[in-house]
Amino acid sequence: MMTHSISYSDNWKFADWKGFQKVLFRLQRRIYKATREGDKAKAKSLQKLILSSRSARMLAIRQVTQLNTGKKTAGIDGKKLLSFKERFDLEETLRKNYKTWVHQGLREIPIPKKDGSKRILKIPTIADRAYQCLLKYALEPAHEATFHARSYGFRPGRGTHDAQKNLFNNLRSKSNGIKKRVLEIDISKCFDRISHKSILDIVIAPDFIIDGIRRCLKIGVNPQFPNQGTPQGGVVSPLLANIALNGIELIGEQRTSKCTRYADDMVFILKPEDSAEQILAKVEEFLAKRGMEVNQKKTKVTASTDGFDFLGWKFYVQKNGKFRSIPSVDNFKAFRNKVKYIVNNSNYDAETKVSKLAPVVRGWRNYHKFCKMDGSRFNLGRLSQRTFKVFLKQKSINRYKAVKMVKNAFPTVSYSENKFVNVKGEKTPFDGDINYWAKRNSKYYDGAIASTLRKQNHSCGYCGLKFLYGEKVELHHIDGNHNNWDRENLIANHRSCHHYTHMGKGRKD
C-alpha cells in the first residue's frame with residue numbers, strides 16, 4: 001500500500017503540467033480566434049476537444065484541489081481533500097461521464113451582509129467543481145471574444161485596478177470630471193435571479209455542454225424560482241453571470257455616458273446633458289429580460305464632488321477638479337478589525353502575530369497602492385503603535401526587538417497614485433499576444449520578484465515558458481537560504497515549477 005501511495009504521489013507531482021497547459025491554451029486560443037471570426041461551428045467543435053482532453057481534466061482537478069482559494073471547503077459529501085489516488089480516479093470519472101455529468105446537491109453556507117441580512121453561499125462537491133472548471137475552460141475563450149472592454153470582473157487578465165483606472169480616466173480634470181454625475185446601479189439578488197433561459201440562449205457551446213450547464217443551474221435553485229439563479233460558490237457561476245450581463249455596458253454609450261462594470265457591480269458616468277432617468281429605465285428593461293431587477297434603495301445618482309464607493313474605494317473629485325480615490329470607510333474598518341483581532345488574540349504569541357499580520361497588511365496596501373495613501377490614517381501609524389505596545393508587554397521582548405517585529409508585521413508597499421496602466425482595449429490572454437501578457441503580469445509584482453522577472457525576460461527560470469495569467473510567480477532561493485536575497489541567488493518560477501525544484505527533480509528541457 002505504501003508503495004502504491006508513493007507512486008500515485010510521484011505521478012501527480014511530476015505530471016507534465018506545463019505540457020498540459022500548452023495543450024489547453026492552444027485549444028482555447030483557437031476557440032477565441034474562431035469566435036472572433038464568426039465561425040461558431042468551429043468554436044463548438046474545439047470546445048468538444050477540451051471536454052475530452054486529458055490535459056484539461058488534469059488541470060481542472062489540480063485547479064480545484066490545489067490552486068483555488070476555496071480548495072479546502074467541503075461540499076455536501078463532506079470531502080475537503082482528495083488523496084493523489086482519488087484525483088486520478090476523478091480524472092477517469094470525468095473522462096467517462098463528461099457528456100452526461102450529474103451534479104450532487106450543494107452545501108449551503110449563510111454569509112452575513114452589511115445590512116444584517118444573509119446571502120447563501122452554495123458549495124458544490126470537489127468533483128462537481130472539477131466538472132464546472134472543465135466547462136469554464138471551454139466557455140471562457142468563446143465569450144472573451146464577445147465581452148465588452150469595460151467589463152472587468154472575474155475575467156482573465158483584468159481586475160479591480162483596471163476599473164479604478166477607467167474611472168480616473170473619466171473623472172479626472174482633463175475629462176472635466178467636476179461637472180459629471182455618477183449613476184450607481186445595484187442589482188437585487190443578482191446571482192439568485194438570473195434567468196436560466198437568458199444564459200442558455202446566449203451561451204456559445206455544443207448541445208451536450210449546454211445540457212451540462214442546465215443541470216448545473218438546476219441544482220440548489222429556490223423552489224419559488226425554479227428557472228432562475230446560479231449558485232454562488234460554483235466555479236462557473238461568475239462566468240455565467242458575465243454572459244447574462246454582457247451588453248449592459250452599451251446602454252447610453254451612443255450618447256455620452258460611460259459604464260464601468262465589475263461583475264454585478266456597475267456605475268454609469270454621466271455628463272450634464274445625460275438623463276439618468278432614461279439610462280436607468282433602459283437598465284431596468286435590460287435586467288427584466290434576464291429575470292433581474294434594480295435595487296431601488298441602493299441605486300442613486302451622486303455628484304462626482306460628493307463621491308461614491310465602488311470596489312472598496314471611495315472615488316471623488318475635489319473642488320479644484322482633481323480626481324481622488326482612497327480606501328472606503330467600510331473597507332478600512334474591515335481591515336482594521338482584522339488587524340486588531342490578530343494583535344489582541346491571546347492565543348497567538350508575538351511571532352505568530354507577525355506571521356499573520358504581514359500578509360494581511362501587505363495585501364491591503366497592495367490593493368490600495370494606486371490610491372492617495374498619505375496622511376496619518378492610511379499610513380497605519382496608530383495600528384502599528386498599538387501593536388508595538390502589545391509586543392512590549394511580553395517579558396521576552398525588549399524595545400529593540402519590538403520595533404523590528406512591528407516593522408516585519410507592517411511591511412511597506414510603495415504607492416503611486418493613479419499610475420496603474422489599463423488593459424489595452426478588448427485584449428484578452430486568449431488572443432495569443434504572449435509578450436504583452438507576460439510583461440503585464442510582471443507589473444503586478446514589485447521588489448525582488450519584479451527585478452528577477454525583468455532579468456529573466458518575464459520567463460520562468462525552470463520551464464522557460466512566459467508568465468501569463470492564473471498562476472502566481474514564486475521566488476526560488478538557489479542556496480536554500482531564505483534570508484539570502486542576493487540577486488544572483490534568486491530565480492522566478494511558476495508556482496508549480498517551484499514545487500518541482502523542491503522535490504529534487506532536474507530541469508525540464
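Q228 is buried, with a relative accessible area of 19%. This description concerns a predicted model. The points below cover the surroundings of Q228, the pairing of helices α13 and α15, the helix α4, and the positive phi values of N176 and N418.

**Q228 and its surroundings**

- Q228 belongs to the loop that runs between α10 (207-218) and α11 (237-245).
- The value of 19% places Q228 in the buried class, because buried means under 20% relative accessible area.
- Beyond its neighbours within four places in sequence, Q228 is in contact with D192, R193, I194, S195, H196, V221 and G291.
- With R193 there is also a polar contact: the side chain of Q228 reaches the backbone oxygen of R193 at 2.7 Å.
- R290 is 62 residues from Q228 in sequence, and the C-alpha atoms of the two residues are 9.1 Å apart in space.

**Helices α13 and α15**

- Two packed helices are described by the angle between their axes and by the distance between the axes.
- For helix α13 (residues 329-343) and helix α15 (residues 381-392), the axes come within 11 Å and cross at roughly 5°.
- The two helices α13 and α15 are therefore roughly parallel to each other, since angles under 35 degrees count as roughly parallel.
- On the α13 side, the residues that meet α15 are F335, R336, V339, K340 and V343; their partners in α15 are L383, T387 and V390.
- Sorted by class, this contact of α13 with α15 comprises five nonpolar, one polar and two charged residues.

**Helix α4**

- Helix α4 (residues 54-67) contains 14 residues, and the distance from its first C-alpha to its last is 18 Å, close to the 20 Å expected at 1.5 Å a residue.
- Eleven of the 14 residues of α4 are buried, which leaves the helix mostly covered.
- The buried residues of α4 include the charged residues R57 and R62, along with M58, L59, I61 and V64.
- At the start of α4, a side-chain oxygen of S53 comes to within 3.2 Å of the backbone nitrogen of S55.

**Positive phi at N176 and N418**

- N176 is not a glycine, yet its phi is positive, at about 60°.
- N176 sits in the loop between α7 (160-171) and β3 (181-186), where it is partly exposed, with a relative accessible area of 38%.
- N418, likewise a residue other than glycine, has a positive phi near 60°.
- The loop between α16 (399-409) and α17 (434-442) holds N418, and N418 is buried, with a relative accessible area of 13%.

How values were computed:
Residues numbered from 1 in each chain as written. Predicted model: local features only at pLDDT ≥ 70, side-chain atom pairs only at ≥ 80, totals over all residues. Heavy atoms only, no water. Axes fitted to C-alpha atoms, helices over the stretch in contact; angles between N-to-C directions. Helix = DSSP H or I, 4+ residues; strand = E, 2+ residues; numbered from the N terminus. Parallel < 35°, antiparallel > 145°, perpendicular 65-115°, else oblique. Contact = heavy atoms within 4.5 Å. Expected span 1.5 Å × (residues − 1). Buried < 20%, exposed > 50% of the residue type's maximum accessible area, 1.4 Å probe, protein only. Polar contact = N/O pair within 3.5 Å; in protein donor to acceptor, adjacent residues only side chain to side chain.
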